[in-house]
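Me: I'd like to learn how to read a protein model feature by feature. Could you walk me through this one, starting with something small?

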Amino acid sequence: MILFHSDSQHRENKAIWRMFETKLLTTELSKGYPWKWYAVNIPMDLRGVSGTKGDIDLIAHLIEPPINPDIEPPSFYRTWEVKVSLLDKEANPRSLKREGRTQKIIKQMQKTRKYGASSVSLLELFVLEDGFFSKHNFPSTEVASVMKSRFVELNNLGFGYQVLPFEHEQVGDTDYGLKSLNAIHNPFQTSIRLLESKLTDAQSPFLDLIEALNNFYLNWKPKEQSRPFFPVISFCKTCRDLTMVYPDHSITCSKCGVSLL
Ligand SMILES: [Zn+2]
């Protein structure tokens, strides 16, 4: 089934993994910084670190550019709350302005900040129906007005805001190829960076979560495949533990093989 038609319950998860499968979209998230790993759908209460319910959709472990080769460059961490909206080929939005949606998003982002994350942004993925870009510009007037009001609220609270529209060609029942913004001018800039998140000092329990993720990454011993070129850590609900995903290969748990889509 194509992403545009996937059911709403699984769409967000599928759209996040699609970013990693297509890679071009995630390079942009790192803002050009080198990265060690990304982590997707990580429970805030991983291994009992916090007692907080809920997940962090996306975490990036980024590295400052190395200046002195003898000193390990400092790391920093960005987190995103990910939301998905659909625009059909006639530019009609679906579920974009649902009552109270912005407030719900902000509540979740405040929770992530309170949890101790140092940088919290909204990443809004716009999944466009095949044919959108051939007829319309992004953002359409209606989308732009919603983006504007979200911008004001997120800016007031010091949150970041990034918007990433992309379109696949539909071939039969599968997605094919990738169209996104600015592909002609700069293939590595595919999202609209509207706001940078205010940086605060990372606190526990976020720091404990990061420690667990870093330890998992450093101790990961690949069974058959080599160390992933593009490591993405996730949480397998079957294994009840962290797992390494090789997006080049398949979106499955590398321990038990179950699909994470
Ligand atoms: Zn598993």
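Reply: Sure, let's start with Arg240, which is found in the loop between strands S9 and S10. Keep in mind that this is a predicted model.

Me: What is the phi of Arg240, and is the residue buried or exposed?

Reply: Phi of Arg240 is positive, about 55°, although this residue is not a glycine. To judge burial, count neighbours: a residue with 12 or fewer other C-beta atoms within 10 Å is exposed. Arg240 has 9 other C-beta atoms within 10 Å, so it is exposed.

Me: Which other residue in a loop can I practise on?

Reply: Try Arg47, in the loop between strand S1 (residues 35–43) and strand S2 (55–63). Its phi is near 50°, again a positive value in a residue other than glycine. Arg47 counts as exposed because it has 12 C-beta neighbours inside 10 Å.

Me: Back to the loop with Arg240. How many residues lie between the strands of that hairpin?

Reply: The hairpin of S9 and S10 has 4 residues between the strands. S9 covers residues 232–236, and S10 covers residues 241–245. The two run antiparallel and are joined by 5 bridges. One pair to look for is Val232 with its bridge partner in S10, Val245.

Me: Which strand runs parallel to S9?

Reply: That's S1, joined to S9 by 3 bridges. Find Ala39 and look across to S9, where its bridge partner is Ile233. While you're there, check how covered S9 is: 4 of its 5 residues are buried.

Me: Now strand S3. Which strands does S3 pair with?

Reply: Take them one by one. S2 pairs with S3 in the antiparallel sense over 6 bridges, and Ile63 stands opposite Ser75 in S3. S5 runs parallel to S3, with 9 bridges joining them; there, Thr79 has Val120 in S5 as its bridge partner. Then there is strand S4 (residues 93–94), antiparallel to S3 and joined to it by 2 bridges. Leu86 stands opposite Arg94 in S4.

Me: What about the turn from S3 to S4? How many residues are between those strands?

Reply: There are 5 residues between the strands of that hairpin, and Ala91 takes a positive phi near 70°. As for burial, S3 is mostly covered, with 10 of its 13 residues buried.

Me: How do I read a helix, then?

Reply: Here's the general idea: an α-helix has 3.6 residues a turn, so residues three or four places apart point the same way. Now look at helix H6, residues 206–219. From its first C-alpha to its last, H6 reaches 20 Å, close to the 20 Å expected for its 14 residues at 1.5 Å a residue.

Me: Which residues of H6 are buried, and why are they on the same side?

Reply: Phe206, Leu209, Ile210 and Leu213 are buried. They cover an arc of only 100° around the axis, and that puts them on the same side of H6. The face turned away from this buried side carries the exposed residues Asn215, Leu218 and Asn219.

Me: What covers the buried residues of H6?

Reply: The cover includes S1, S3 and S9, so you've already met these strands.

Me: Just before H6 there's a proline. What should I look for?

Reply: Check the peptide bond leading into it. The bond from Ser204 to Pro205 is cis, with omega near 5°, and Pro205 sits in the loop between strand S8 (192–195) and H6. Another cis bond goes from Phe138 to Pro139, with omega near -5°. Pro139 lies in the loop between helix H4 (132–135) and helix H5 (141–157).

Me: Last topic: the core. Which residues touch the most other members?

Reply: In general, nonpolar side chains tend to be buried together in soluble globular proteins. The largest nonpolar core here has 57 residues, and Tyr38, Ala39, Leu58, Leu125 and Val127 touch the most other members. Strand S5 (residues 120–128) gives the largest share of this core, 7 residues.

Me: What does Leu125 touch?

Reply: Leaving out residues up to four places away in sequence, Leu125 touches Ala15, Val82, Val84 and Leu164.

Key. Residues are numbered from 1 along each chain as its sequence is written. This is a predicted model: local features need pLDDT of at least 70, side-chain atom pairs count only at pLDDT 80 or more; totals for chains, interfaces and linings use all residues. A residue is buried if 20 or more other C-beta atoms lie within 10 Å of its own, exposed if 12 or fewer, and partly exposed in between; C-beta atoms are placed from the backbone. Two strands pair if DSSP finds at least two bridges between them. The expected span of a helix is 1.5 Å times one less than its number of residues. The arc is that of the directions from the helix axis to the C-beta atoms. Two residues are in contact if their C-beta atoms, placed from the backbone, lie within 7 Å. A nonpolar core is a set of buried Ala, Val, Leu, Ile, Met, Phe, Trp, Tyr and Cys residues joined through C-beta atoms within 7 Å.
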